[in-house]
Amino acid sequence: MPIRFFNTFSRQLEDFVPLEPGIVRLYTCGPTVYNFAHIGNFRAYVFEDLLQRHLEYRGYRVLRVMNLTDVDDKTIRGCRAAGIPLAEFTKPFKDAFFEDLDALRIKRAQHFPEATAADHIARMISMIETLVEKGHAYRAEDGSVYFRIRSFPAYGQLAHIVLDELQAGVRIRSDEYEKENVGDFALWKAWDPADGDVWWESPWGRGRPGWHIECSAMSTGLLGPQLDIHCGGEDNIFPHHEAEIAQSECVTELQFSRYWLHCKHLQVEGAKMAKSAGNFFTLRDLTKEKGWSGREVRYALLSVKYREPLNFTMEGLGAARSALGRIDEWTRKIREIADSANSADADPPHMRSNLAAFGQALDDDLNISAALASVFDVIRETNRRIEEISPNEAKGLMTWLDGVQSVLGLTSEESEIPQQVRDLVAQREQARLEKDWKTSDVLRDKIQTLGWTIKDSKNGQKLTRA
RNA sequence: GGCGGGGUAGCCAAGUGGUAAGGCACGGCUCUGCAAAAGCUGUAUUCGUCGGUUCGAUUCCGACCCUCGCCUCCA
């Protein structure tokens with residue numbers, strides 16, 4: 001069964017066939033580093049991570065690029081307000097972004113190009129020059145350069161927007177009165193006093209690149225003129241991705257991206273996430289202040305299909321914690337059985353269809369809900385007959401789980417147990433052998449105060465973080 | 001106003017023209033020195049509302065209600 005994706009461009013499910021067999025060129029729009037990214041941003045990045053991991057699970061080599069927008073209105077405003085150079089202002093947010101990626105176990109792309117890098121600026125300028133030469137762009141009096149959307153008849157095809165309807169009701173901003181058409185967008189923005197010392201030289205005078213050209217230049221520069229998949233949040237469809245198509249295709253005269261995948265926004269507690277509503281969360285708010293782990297947040301963001309709106313709730317985080325506990329517990333049990341396996345041949349035959357269901361669900365436009373359901377089906381079924389599971393079968397299950405976890409990225413971190421706790425557990429073991437329950441309970445409390453919870457099982461004491 | 005999503009048990013959510021996956025929560029049971037944990041198990045005559053097509057619709061069609069996104073730099 002082929003992998004199928006819903007292509008925003010055609011608005012249909014399509015079989016996925018990359019341009020070059022075995023290789024996927026993937027471009028994903030990254031953050032604007034003027035602030036800490038919020039969980040809505042991370043829904044998109046987690047979805048893209050799932051996409052990359054599943055493609056890799058299916059044997060593709062994924063070449064991925066994610067840009068960092070480190071110059072735009074907001075970053076300039078921020079550095080001016082702070083009275084520091086632009087790069088100094090954006091640096092901490094870049095660092096924080098990578099920390100957050102790690103916390104959410106998002107695999108690194110091959111490249112994280114920064115818009116302000118000299119070679120990328122050069123490429124943007126060169127693309128704009130080509131667009132001007134070809135008549136797709138024009139210089140306004142103030143030195144800004146605009147893309148002439150009338151010169152690209154396909155403009156609007158991705159978003160399914162009819163240009164004539166677009167005109168109605170749009171207010172023309174005073175600083176852009178020189179545009180031929182209200183829909184024309186900036187490729188190059190002329191320097192303005194409010195920009196301070198943020199500017200680059202160009203054939204049109206001092207200024208800075210527009211947002212859209214940044215992605216066109218960095219994607220085609222690093223991945224070549226044609227991408228297999230281009231992703232982003234649904235809000236990027238128009239105008240951002242529409243503009244990228246126009247700019248790129250007018251330069252390369254090739255189809256820019258073969259597949260467009262967009263994820264829906266999330267809501268928080270059933271409402272639109274907004275600072276004013278008090279339901280606005282960065283990842284740090286959840287991990288550092290509320291004590292959720294990155295893995296738990298990842299599960300909450302991952303467990304709903306990317307094309308459905310996701311309702312992010314505190315209760316949902318609790319559900320994520322419990323569900324992960326169930327997976328962890330099962331993993332621990334099966335691994336214990338598998339440890340005594342003596343054969344490398346371990347393919348549980350009667351489980352095969354269940355085991356395959358995981359990948360098949362993801363092949364179907366990344367149906368993660370169905371994929372997770374298949375995982376829990378396997379867990380329930382094997383728990384039911386846990387006493388009969390042979391070491392070899394357990395080993396087979398662990399192999400399957402390795403594959404599943406390479407996609408989900410939800411493996412439990414086997415935490416280091418401090419020596420002090422180890423000693424107390426040993427003492428308690430002795431007390432229990434002597435049926436000294438009083439001492440046993442005292443030790444259990446003591447261990448609890450050190451941040452670890454004891455659970456007595458048939459096979460002895462089990463430790464988990466409190 | 002235009003375009004596009006979504007409304008399925010207490011919560012989060014799959015899904016299909018033929019009679020509702022999975023997770024969480026809750027109840028029952030097993031296990032257990034106690035406790036907790038863990039495991040098994042039960043729980044939607046019903047899929048926003050009203051019509052229509054059909055032998056049969058949650059699934060197709062129409063209308064309506066609610067909600068979210070985009071409509072020029074917001075994932």
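Which strands does helix α4 (residues 118-133) lie across? The exercises below work through this and related points on a predicted model, in which local features need pLDDT of at least 70, side-chain atom pairs count only at pLDDT 80 or more, and totals for chains, interfaces and linings use all residues. Residues are numbered from 1 along each chain as its sequence is written, chains are lettered from A and ligands numbered from 1 in the order in which they are written, and side-chain values use heavy atoms, with hydrogens and water left out.

**Exercise 1. Place helix α4 on the sheet and describe the sheet.**

Step 1. Helix α4 lies across β5, β6, β7 (185-190) and β8, and runs at about 120° to β7. Helices (H or I, at least four residues) and strands (E, at least two) are DSSP runs, numbered from the N terminus. Axes are lines fitted to C-alpha atoms, for helices over the stretch in contact, and angles run from 0 to 180 degrees between N-to-C directions.

Step 2. The order β5-β6-β7-β8 gives an open sheet of four strands with antiparallel pairing. Two strands pair if DSSP finds at least two bridges between them.

Step 3. β5 (137-139) and β8 each have a single partner strand and stand at the edges, so one side of each has no neighbour in the sheet. From one strand to the next, the twist averages 20°.

Step 4. Three bridges join β5 to β6 (residues 145-147) in the antiparallel sense. Opposite Tyr 138 stands Tyr 146 in β6.

**Exercise 2. Find the buried side of helix α2 (residues 73-82) and what covers it.**

Step 1. The buried residues of α2 are Thr 75, Ile 76, Gly 78 and Cys 79. They lie on the same side of α2 because they cover an arc of only 160° around the axis. The arc is that of the directions from the helix axis to the C-beta atoms. Buried means under 20% relative accessible area, exposed over 50%, and partly exposed in between (1.4 Å probe, protein chains only).

Step 2. Arg 77 and Ala 81 are exposed, on the face turned away from the buried side of α2.

Step 3. The cover over the buried residues includes α3 (86-103) and β8 (207-209). Contact means heavy atoms within 4.5 Å.

Step 4. After α2 comes Gly 83, with a positive phi near 70°.

**Exercise 3. Describe the surroundings of Ser 216.**

Step 1. Ser 216 belongs to helix α6 (residues 211-223). Ser 216 counts as buried because its relative accessibility is 0%.

Step 2. Leaving aside neighbours within four places in sequence, Ser 216 is in contact with Met 127, Glu 244, Gln 247 and Ser 248. Its side chain reaches the backbone oxygen of Glu 244 at 3.3 Å.

Step 3. Among the buried residues of helix α7 (residues 237-252) are Glu 244, Gln 247 and Ser 248. The buried residues of α7 pack against α4, β6, β7, α6, β9 (227-233) and β10 (257-263).

**Exercise 4. Characterise the protein surface around RNA strand B.**

Step 1. Of the 56 residues around RNA strand B, Lys 189, Gly 233, Asn 236, Lys 272 and Asn 311 come nearest. A residue is near a strand if one of its heavy atoms lies within 4 Å of it.

Step 2. Helix α12 (residues 368-384) gives the most to this surface, with eight residues.

Step 3. Sugar or phosphate accounts for 68% of the RNA strand B atoms within 4 Å of the protein, and bases for the rest.

Conventions
A polar contact is a pair of N or O atoms within 3.5 Å; within protein, one must be able to donate a hydrogen and the other to accept it, and residues adjacent in sequence count only if both atoms are side-chain atoms.
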